[in-house]
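Subject: Structure handover

Hello,

Here is the structure I promised to pass on. Please open it first, then read my notes below.

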Amino acid sequence: MNIYDQIAEAVIRRGDLAHLALFVWASGASALLAMTLRDLFAANRRFDEFVRELSLFNRRHSGDPS
């Protein structure tokens, strides 16, 4: 019997199934939030790179010496 089975059995034996369900839900929600934030930061970084390249392109092709 692994550690997760032992924890689940102890919680069920004590009648704290609602707490176990809440913990599982909160863990899942936190993991989804972390993944969403990671993807959002990556998208923001890609957009920033795109804007920099667009600015560089415009400077090169506008005839502006600066």
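A residue counts as buried under 20% relative accessible area, as exposed over 50%, and as partly exposed in between. By that rule D39, at 46% relative accessibility, is partly exposed. Keep those cut-offs in mind for what follows. Keep in mind too that this is a predicted model.

The long helix

Start with helix α2, which covers residues 17–62. How far apart should its ends be? At 1.5 Å a residue, its 46 residues should span 68 Å. The end C-alpha atoms of α2 are 67 Å apart, so the two values agree. You can check a shorter stretch as well. The C-alpha atoms of F41 and L56 are separated by 23 Å, and these residues are 15 apart along the chain. F41 belongs to helix α2. F41 counts as exposed because its relative accessibility is 52%.

Look next at what comes just after α2. There G63 takes a positive phi of about 80 degrees.

The UniProt record

An unreviewed UniProt entry places the feature "transmembrane region" at residues 17–37. What does the model show over that stretch? The chain there is 100% helix and 0% strand. Its end C-alpha atoms lie 30 Å apart.

Salt bridges

How many salt bridges does a search of the whole structure find? The search gives 3. Side chains of opposite charge can pair when their charged atoms come close. Here are the pairs in chain order.

- E9 and R13: their side chains meet at 3.7 Å, N to O. Both residues sit in helix α1, residues 3–14. They are 4 residues apart, about one turn of the helix. E9 is partly exposed, since its relative accessible area is 37%. R13 reaches 63% and therefore counts as exposed.
- R38 and D39: this salt bridge is 3.8 Å, N to O. R38 has a relative accessible area of 54%, so R38 is exposed. D39 is the partly exposed residue from the opening example, at 46%.
- D48 and R52: here the N to O value is 2.8 Å. Why are these two about one helical turn apart? Because they lie 4 residues apart in helix α2. D48 is partly exposed, as its relative accessible area is 34%. R52 has 55%, so R52 is exposed.

Aromatic pair and nonpolar patch

The same kind of search for aromatic pairs, run over the whole structure, finds 1. F47 and F50 form that pair. The pair is tilted, with 35 degrees between the planes. Centre to centre, the rings are 6.4 Å apart. Both residues lie in helix α2. They are 3 residues apart, about one turn of the helix. F47 counts as exposed because its relative accessibility is 52%.

F47 and F50 also help to make a nonpolar surface patch. Which other residues take part in the patch? They are V51, L54 and F57. The patch has an area of about 500 Å². V51 is found in helix α2. Is V51 exposed or partly exposed? At 37% relative accessibility, V51 counts as partly exposed.

Where to look

For a quick tour, begin at the E9 and R13 salt bridge in helix α1. Move on to residues 17–37, the stretch UniProt annotates. Then view the salt bridge of R38 and D39. Go on to the tilted pair of F47 and F50. Finish at G63, just after α2.

Best wishes

Definitions and conventions
Residues numbered from 1 in each chain as written. Predicted model: local features only at pLDDT ≥ 70, side-chain atom pairs only at ≥ 80, totals over all residues. Heavy atoms only, no water. Expected span 1.5 Å × (residues − 1). Patch = residues over 30% accessible without salt bridge, like charges linked within 9 Å, V, L, I, M, F, W, Y side chains within 5 Å. Areas by Shrake-Rupley, 256 points an atom, 1.4 Å probe, with all protein chains shown as cover. Salt bridge = Lys/Arg side-chain N within 4 Å of Asp/Glu carboxyl O. Buried < 20%, exposed > 50% of the residue type's maximum accessible area, 1.4 Å probe, protein only. Phe/Tyr/Trp six-rings, centres within 6.5 Å; stacked < 30°, edge-to-face > 60°. UniProt positions renumbered as here; feature names shortened; annotations may be inferred.
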